[in-house]
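Please load the model in your viewer and keep the selection panel at hand. The tour goes from one selection to the next, with a word on what to look for at each stop.

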Amino acid sequence: LFQVVHAHKPHFMALHCQEFGGKNYEASMSHVDKFVKELLSSDAMKDYNRARVYLDENYKSQEHFTALGSFYFLHESLKNIYQFDFKAKKYKKVTGKEIYSDTLESTPMLEKEKFPQDYFPECKWSRKGFIRTRWCITDCAFDLVNIHLFHDASNLIAWETSPSVYSGIRHKALGYVLDRIIDQRFEKVSYFVFGDFNFRLDAKAVVETLCAKATMQTIRAADTNEVVKLIFRESDNDRKVNNLMPSLLEFDRELSVFKDRLYELDISFPPSYPYSEDSSQGKQYMNTRCPAWCDRILMSHSAKELILKVSTD
């Protein structure tokens, strides 16, 4: 991160984290403070004299906990920057460094919401939701939304239909967020939505393309007759599937539903998911899931125009 900051020297930096504290957050949340202090006090960040940090660490609140963390750093050379107070409905000049954690619901400088349980009934307790902040630099106002959408709970269920049932759940949640940030309560501004969308490749299309010449064997549980595994084999290839795939981006289709509302710059990086959770193998993919571009930066079409204007002017 510090290398990226040094290379680009941004005047305004937004860092959105999901699953803060990790999957074992009850044991790991204690490490978060050290991480935050390191970011705020490191030599690499010394020129960022203003900061806002919003951490949802309140894992004891089943009703509200999202495990989201939003960091915003402002370079000392950046003048006239304001943050919106959603309660007072006015902008306030940003000074100093402030950290907010635990009960973010009472913080007027953001909007935070956890998705309703009935969005994803397969999980007894989900941490998925979003945090929204609004900023104004000179006369340019924009929203920044940290988002975490629902995952695929089963490879087999994801494979059954195209598009999968899980993509429909993600579409519903993302549509809800987009409707919230352009509703009538506040003035409409350009917006950037970035975080873990959990977008997956079209699993059925991937398997059918990869296994076009293969035969499928279905393995069922002896006691319930439930399908627990599918095995594909090619008879003329030592019984292994010949792994010659076209571009995986061809199967990245979930965002197409929102093409009228959201814009994305061209993807020029490999899939961000699922890297190994073993820190000694951090650059390797796990072999239990199909690779996917889960982590995205999306924007409204008016935000796209802001970026194009900046790049040409």
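Select Phe35, which counts as partly exposed because its relative accessibility is 38%, where buried means under 20% relative accessible area, exposed over 50% and partly exposed in between, with a 1.4 Å probe and protein chains only. This is a predicted model, in which local features need pLDDT of at least 70 and side-chain atom pairs count only at pLDDT 80 or more, while totals for chains, interfaces and linings use all residues. Residues are numbered from 1 along each chain as its sequence is written, and side-chain values use heavy atoms, with hydrogens and water left out.

Add Phe20, which is buried at a relative accessible area of 7%. The structure holds 27 aromatic pairs, a pair being rings of Phe, Tyr or Trp (its six-membered ring) with centres within 6.5 Å, called stacked if the planes are under 30 degrees apart, edge-to-face if over 60 and tilted for the rest. The rings of Phe20 and Phe35 are edge-to-face, since their centres are 6.2 Å apart and their planes stand at 65 degrees. This pair links distant parts of the chain, with Phe20 in the loop between E1 and helix H2 (25-28) and Phe35 in helix H3 (residues 30-41), 15 residues apart. Helices (H or I, at least four residues) and strands (E, at least two) are DSSP runs, numbered from the N terminus.

Move next to Phe86 and Phe186, an edge-to-face aromatic pair with 5.2 Å from centre to centre and 80 degrees between the planes. Phe86 lies in the loop between strand E4 (81-85) and strand E5 (90-93), and Phe186 in the loop between H5 and E10, 100 residues apart. Phe86 is buried at 7% relative accessible area, and Phe186 is buried at 13%.

Now show the open sheet of four strands, whose order is E1-E3-E2-E6 and whose pairing is mixed; two strands pair if DSSP finds at least two bridges between them. Strand E1 (12-17) and strand E6 (97-100) stand at the edges, each with a single partner strand, so one side of each has no neighbour in the sheet. Six bridges join E1 to strand E3 (residues 69-74) in the antiparallel sense, and His16 stands opposite Ser70 in E3.

Which residues point one way from E2, and which the other? Arg50, Arg52 and Tyr54 point one way, Ala51, Val53 and Leu55 the other, and all are buried. E2 and E3 pair antiparallel over six bridges, with Tyr72 in E3 as the bridge partner of Arg52. On joining E2 to E6, four bridges appear and the strands run parallel, with Tyr54 opposite Tyr100 in E6. Keep these tyrosines selected, since ring pairs link Phe12, Tyr54, Tyr72, Tyr100, Trp135, Phe142 and Phe192 into a cluster.

Go on to helix H5 (residues 165-181), whose 17 residues should span 24 Å at 1.5 Å a residue (taking 1.5 Å times one less than the number of residues), which agrees with the 25 Å between its end C-alpha atoms. Its buried residues include Tyr166, Ile169, Leu174 and Ile181, and what covers the buried residues of H5 includes strand E8 (129-137), strand E9 (140-148), helix H4 (155-160) and strand E10 (190-196).

For the last stop, select Lys309 in helix H7 (residues 301-312), which counts as exposed because its relative accessibility is 54%. Lys309 and Leu149 are 160 residues apart in sequence and 30 Å apart in space, C-alpha to C-alpha.

Conventions: Contact means heavy atoms within 4.5 Å.
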